[in-house]
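Thanks for sharing this one. Here are a few notes to go through with the coordinates open.

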Amino acid sequence: MSSSLCHTSTSSSSSSPPYVQKTTPKSGESLFYTFPLSAHTEILSDSTFPTPSITSDWVYDYCASYEECDEDEQSLWNDLCMSIPDSHSLIPLITSGCSNYITKTSSYLELEELVTAVKIARCNSFSDRNIHPVVSRVNHSCLPNAIYLPTTMGCKLKTLREVEAGEEITISYLGINVFTSNGVRNSRLLEEKFFTCMCRRCSTPPIENRIPCEKCHPREGGGLTEEVEFEEGEVCYGVVMCEKCGEVFGKESLELRRKIEERAGKALNDEEQDIDVIREIHEVCSQILGPRHYSTALTSLTIVDSMCHDFNRVMILGEKCDDLELAECIDSLGRVWNFGEGVMEGGGGLLCYGQCLTVARGLSVMGDEKSVHFGKVWAERAWGFLEGLGEEGERKVCMKLMEGKVEGEEGGEKPSKKMKI
């Protein structure tokens, strides 16, 4: 192994590595915890292979990155798992792209070697296209117990919750889409990573795409009443049938849900998100799918994030946030938090810790006793994530807010952030 690819493992309880690499029939080659760790403990830090350029020609970029590796690095690269089948439609594109790379650069590498390297990269790279000699071996789960954190020198893995010796280390490959339904998650995994997930969450009935029962809650004018939309009383839910009365949902209702989910997913995953379009889609999601559906929650989160960026700009100027807009944001953020917590342990913090911090700062700047108190409450929510996983500047701001200290102009330094998972 070249010196540029050395990695270190850390643990507060032992000098020995908190993980071991092994192969099992169920997981294939992966990493497993060797002793218990508390939440937010660093498992290991890892370097990265030569970082590829980010252009539209990803095949060329991976070829250039692989060729930049020395012999030891290339050996480590080739030792990573490859799940893309030879019959996949991407194979001709990869082969053609590698051939073009050799022609353009007069590369010394053989075509077959480059094709293999790019196939491995396509299976093991992260959203920034980085590949890591150790962390790229960690398997996916829709209920991950660890989180991937990029660093200037590579990346770190930290635990999301308490873990036991013998547990497999798992992360999510899906980003925010880990909060969608079983079908959506596995469709993306099959498209992007060439496998379907069989984790505990994927093997149990979904909860993320439940909608209010049409029999228990008749639609008035095609939509839910405000009492149901905002859960101002008991609401009965189900995926294909009501969990309370047993009513089976009609085909038209399920087809409408599918169309709305597709429209919301397309808007949310658009690189150039149009906030006005997302607001329109969110209104439809809220009125038709209800408050506990992932499309409602994730469109709401995007709107909240936009509002938080506006609040930050106001606070940077030393001004107060509009109290009505802040109240609207807090109301929506509370529902998003509850949705995240309902999906997985710590899900609220993963989804919206940055927005919680911005709201806490906005309340603190208001200055009155009641606002400062509720600012502390939201700061404590953010702290549950930031304490072990946030950046130093974020932690300092959060600690001040939890102490009830009112921010001055410096309170506008940190924008809200989207989840890192």
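Is cysteine 213 buried or exposed? Cysteine 213 is buried, as its relative accessible area is 0%. Please keep in mind that this is a predicted model.

1. Cysteines. You will find zero disulfides in the whole structure. For cysteine 98, the nearest cysteine sulfur belongs to cysteine 63, 3.7 Å away. Cysteine 213 is likewise in no disulfide, and its nearest cysteine sulfur, that of cysteine 216, also lies 3.7 Å away. A disulfide needs the two sulfur atoms within 2.5 Å, so neither pair qualifies. Cysteine 98 counts as buried because its relative accessibility is 0%.

2. The largest nonpolar core. This core holds 66 residues, and those touching the most other members are Phe179, Leu351, Cys352, Trp378 and Leu386. Several elements supply at least two residues each, including strand 6 (146–150), helix 7 (251–268) and helix 13 (392–402). Helix 11 gives the largest share, 11 residues.

3. A closer look at leucine 386. Setting aside neighbours within four places in sequence, leucine 386 is in contact with Tyr353, Leu357, Glu394, Arg395 and Cys398.

4. A separate core. Apart from the largest core lies another of 26 residues. Its members include Ile94, Val115 and Val118, along with Cys98, the buried cysteine from point 1.

5. A hairpin to check. Strand 2 (residues 19–24) and strand 3 (residues 28–33) run antiparallel and are joined by six bridges. Three residues sit between the two strands of this hairpin. Tyrosine 19 stands opposite tyrosine 33 in strand 3.

Conventions. Residues are numbered from 1 along each chain as its sequence is written. This is a predicted model: local features need pLDDT of at least 70, side-chain atom pairs count only at pLDDT 80 or more; totals for chains, interfaces and linings use all residues. Side-chain values use heavy atoms; hydrogens and water are left out. Buried means under 20% relative accessible area, exposed over 50%, partly exposed in between (1.4 Å probe, protein chains only). Two strands pair if DSSP finds at least two bridges between them. Helices (H or I, at least four residues) and strands (E, at least two) are DSSP runs, numbered from the N terminus. A nonpolar core is a set of buried Ala, Val, Leu, Ile, Met, Phe, Trp, Tyr and Cys residues joined through side-chain atoms within 4.5 Å. Contact means heavy atoms within 4.5 Å.
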